[in-house]
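Biologist: I would like to learn how to read a structure like this one step by step. Could you give me the general idea behind each feature and then show me the case at hand?

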Amino acid sequence: MRIVKLFILIIMTAGTLAGNAQNAEQGIRVGDKAPDFTLKDQNGKEVNLYQLLKKGPVVLNWYRGGWCPYCNLELKGLADKAMEITQLGATLIALSPELPDRSLTTIEKNALPFTVLSDTDNNVARQYDLVFKLDTETANRYESKFGLSQYNGNDNAELPIPATYIINQKGIIRYAFVNPDYKKRANPEDVVMQLTQLVRSSNNNKLVLVWSSDDPMVAERVALMFPHAAQKSKWFSEVTLVVWGPSAKLIANDAALQKKIGQMQTDGVKVEACIACATAYGVVDKLKALNYDVLPMGEPLANYLKRGYQVITF
């Protein structure tokens, strides 16, 4: 396994480009608007790019097919980073001209934890200016060696240039790796690094206030007053109040504070509460009745920190 990972690293390092550079005449570029599309995944479910962007950034990876050993190495490298990409709030999607049943085989063979879409006839790849025609000699070789037409369901002898894009929530390309040399692919570590920078820069204007004090004066004068003012004055693009620890018991039994938080919610402040804390104080039902999101807060709080939110505590 270590030898395989080392080989993947060598292949990816050979294809590393600094920053957001793009080494090809083809392919849309950094700053371009990403064309929207809807394709079916390996299970026949429709997936729409712009719907995914409503949740967070999207990493798109084009590979030639499961018959391509370099593609399989690249997919395995991305699989190793899939959890990090998800923790950053992004969605990782791979596309190829393979038929759905072939995509399913590729997923199973490489144990891929992310969705693979079938871009049959390279219709979406064409929108992204990635399609090229194989010369006759290469087409014949790929057909005799791999059975390319059986993978793609046609004899067009067309393939996408391997490419990796990071698209922000506004649909703008923020990272692009496109190289006509199929042996050179984006380094998954570079993809994660670029994604991290993007996520942190886009979230640094979002506030998360973790309120743990059971002091009513702290609650009224600081923990509730500041996020409410921040939301109403648009000091931040998004404000979230997290009820944590003893504050869960305090708010569950204080009608005046409940009213203040209700006003905050009306003005757009999101309120979340730690279910472990609420359970310890026996106030889960009371907090849910107040329309707070009562949930396990360990991972969400860790993600707020990883994604560059402004997190303060009282």
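Modeller: Let us begin with the whole chain, keeping in mind that this is a predicted model. Of the 314 residues of the chain, 50% count as buried, and the accessible surface comes to about 14,900 Å², of which 52% belongs to carbon and sulfur atoms. The chain has 15 helices and 14 strands, and its C-alpha atoms fill a box of roughly 80 × 35 × 35 Å along the principal axes.

Biologist: Among contacts between residues at least 6 apart in sequence, what percentage join residues at least 24 apart?

Modeller: In this chain, 71% of those contacts join residues at least 24 apart.

Biologist: How should I read a single helix, and which residues of helix 10 are buried?

Modeller: An α-helix has 3.6 residues a turn, so residues three or four places apart point the same way. Helix 10 covers residues 225-232, and its buried residues are P227, H228, A230 and Q231. Seen down the axis of helix 10, these buried residues fall within an arc of 160°, so they line one face of the helix.

Biologist: Which elements do the buried residues of helix 10 pack against?

Modeller: They pack against two strands and two helices, namely strand 10 (206-211), strand 11 (238-243), helix 9 (216-223) and helix 12 (255-266).

Biologist: What is found just after helix 10?

Modeller: K234, in the loop between helix 10 and strand 11, has a phi near 60°, a positive value in a residue other than glycine. At 60% relative accessibility, K234 counts as exposed, the cut-off for that class being over 50%.

Biologist: And how does one look for empty space inside a model; how many cavities of 30 Å³ or more does a search of the whole structure find?

Modeller: Rolling a probe the size of a water molecule over the atoms shows where empty space is left. Here the search of the whole structure finds 1 cavity of 30 Å³ or more, and the largest cavity has a volume of about 30 Å³.

Biologist: Which residues line the largest cavity?

Modeller: The lining consists of P97, D121, N122, N152, N154, N156 and E158, which by class gives 1 nonpolar, 4 polar and 2 charged residues. One of these lining residues, D121, lies in the loop between strand 5 (115-118) and helix 5 (123-127), and its phi is near 65°, a positive value in a residue other than glycine.

Biologist: Where does D121 stand in terms of relative accessible area?

Modeller: With a relative accessible area of 33%, D121 is partly exposed, since that class lies between the cut-offs of 20% and 50%.

Key: Residues are numbered from 1 along each chain as its sequence is written. This is a predicted model: local features need pLDDT of at least 70, side-chain atom pairs count only at pLDDT 80 or more; totals for chains, interfaces and linings use all residues. Side-chain values use heavy atoms; hydrogens and water are left out. Buried means under 20% relative accessible area, exposed over 50%, partly exposed in between (1.4 Å probe, protein chains only). Helices (H or I, at least four residues) and strands (E, at least two) are DSSP runs, numbered from the N terminus. The arc is that of the directions from the helix axis to the C-beta atoms. Contact means heavy atoms within 4.5 Å. On a 1 Å grid over the protein atoms alone, a cavity is a set of points where a 1.4 Å probe fits but cannot get out, and a pocket is an open set with protein on both sides within 12 Å along at least five of seven lines; lining residues have an atom within 4 Å of a point. Grid points are joined across faces, edges and corners, and a volume is the space filled by probe spheres set on the points. Ala, Val, Leu, Ile, Met, Phe, Trp, Tyr, Cys and Pro count as nonpolar, Asp, Glu, Lys and Arg as charged, and the others, Gly among them, as polar. Accessible areas come from the Shrake-Rupley method with a 1.4 Å probe; for residues, only the protein chains shown count as cover.
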